[in-house]
Amino acid sequence: MLNDLNRIVRPSAVKLYTAPAAEPVTAAEAKSWFKQDSTADDTLIGLLITSIREKCEDYTRRAFINQTWDQCYDEEPAGIIELFRPPLSSVTSITSYNDAGTAAVFSSASYIVDTNSAPGRVALKTGYSWPSDLRCINSIIFRFVAGYGSAGSAVPERVKQAIKIVMADLYANREGSMQAALSSVAEANYELPAYSKSLLSGL
């Protein structure tokens, strides 16, 4: 069953464990883009950049700045496992839990990590297998780092430009305040500008 590549086991959950420590675009870069010198809205601009980055990441299904995710399974995965949110930077750990809730961390020598593919992939090496006494919920958790790097300089320029275009669009068309712009991005039905989508396509 371990090597049965035709059997697909879907994750029970994929959740952010550690948010990125930086943003692809700084407040200063964004303000320079839409020609704003005032510092009055700097805090809101920073929050808006984060909100736009998250919206763009959801649109591309990618991670821009390095961030840590947990991909959980209710049963043993099969064959080659694809990890959500490319590009994959590294696998931090693979941990299994038995019925008693006891954790066992797999040795990195027991599996292969492919950071070249998108999404990144993991597979157990020949001769290794998952434990047989797994608990029924979130029994195996893959913790991994996804992103182009730890700083904005590592992020593709087209991504940064797409974020700045959204910033400029919201700043020019905000309804009275930057707080209103921030609220609009948070809405589920908010649509990225067409040019930003074009820049983000094909990553």
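A residue is called buried when its relative accessible area is under 20%, exposed when that area is over 50%, and partly exposed in between. In the predicted model described here, this rule picks out L44, I45, L48, I49, S51, I52, R53, K55, C56, E57 and T60 as the buried residues of helix 2. The length of helix 2 also follows the expected geometry, because 19 residues at 1.5 Å a residue should span 27 Å, and the C-alpha atoms at the two ends are indeed 27 Å apart. Directly after helix 2 comes R61, a residue whose phi is positive, near 60 degrees.

Two of the buried residues of helix 2, I52 and C56, reappear in the nonpolar interior of the model. The largest nonpolar core contains 23 residues, and I52, C56, M167 and L200 are those with the most contacts inside it. At least two residues of this core are supplied by each of helix 2 (42-60), helix 3 (157-173) and helix 5 (194-200), and the largest share, eight residues, comes from helix 3. Another core, which lies apart from the largest one, has 19 residues, and W69, L88, F106 and Y111 are among them.

The cysteine C56 has a relative accessible area of 0% and is therefore buried, since the cut-off for that class is 20%. C72 counts as buried too, with a relative accessibility of 3%. The structure nevertheless holds zero disulfides.

The model also includes an open sheet of three strands, arranged in the order 3-7-6 with antiparallel pairing. Strand 3 (81-82) and strand 6 (111-114) each have a single partner strand and stand at the edges, so one side of each is left without a neighbour in the sheet. In general, the strands of a sheet pair through backbone hydrogen bonds, in either a parallel or an antiparallel manner. Here strand 6 and strand 7 (residues 121-124) run antiparallel and are joined by four bridges, and one of the residue pairs involved is V113 with its bridge partner V122 in strand 7.

Charged side chains were examined next, and the count of salt bridges comes to eight. In one of them K31 is paired with D42, with 2.8 Å between the closest N and O atoms. Because K31 lies in helix 1 (residues 27-33) whereas D42 belongs to helix 2, this pair ties together parts that are eleven residues apart in sequence. The two partners fall into separate accessibility classes: K31 is buried, at a relative accessible area of 9%, while D42 is partly exposed, at 28%. When residues up to four places away in sequence are not counted, K31 touches Q36, D37, S38, T39, D42 and I45, so that its contacts include both its salt-bridge partner D42 and I45, the latter being one of the buried residues of helix 2.

A second salt bridge, between E157 and K160, has its closest N and O atoms 3.5 Å apart. Both of these residues lie in helix 3, and the three residues that separate them correspond to about one turn of the helix. An α-helix has 3.6 residues a turn, so residues three or four places apart point the same way. Within this pair E157 is partly exposed, with a relative accessibility of 48%, whereas K160 is buried, with a relative accessible area of 13%.

In a third salt bridge the side chains of E191 and K197 meet at 2.5 Å, N to O. E191 counts as exposed, at 53% relative accessibility, and K197 counts as partly exposed, at 22%. Elsewhere, salt bridges that share partners join E23, R53 and E57 into one network, and of these residues R53 and E57 are listed among the buried residues of helix 2.

Helix 3 also contains D169, which is partly exposed at a relative accessibility of 33%. D169 and P193 are separated by 24 residues in sequence, yet their C-alpha atoms are 7.9 Å apart in space. With residues up to four places away in sequence again left out, D169 touches Y190 and P193.

Notes: Residues numbered from 1 in each chain as written. Predicted model: local features only at pLDDT ≥ 70, side-chain atom pairs only at ≥ 80, totals over all residues. Heavy atoms only, no water. Core = buried A, V, L, I, M, F, W, Y, C linked by side-chain atoms within 4.5 Å. Buried < 20%, exposed > 50% of the residue type's maximum accessible area, 1.4 Å probe, protein only. Pairing = 2+ DSSP bridges. Salt bridge = Lys/Arg side-chain N within 4 Å of Asp/Glu carboxyl O. Expected span 1.5 Å × (residues − 1). Disulfide = S-S within 2.5 Å. Contact = heavy atoms within 4.5 Å.
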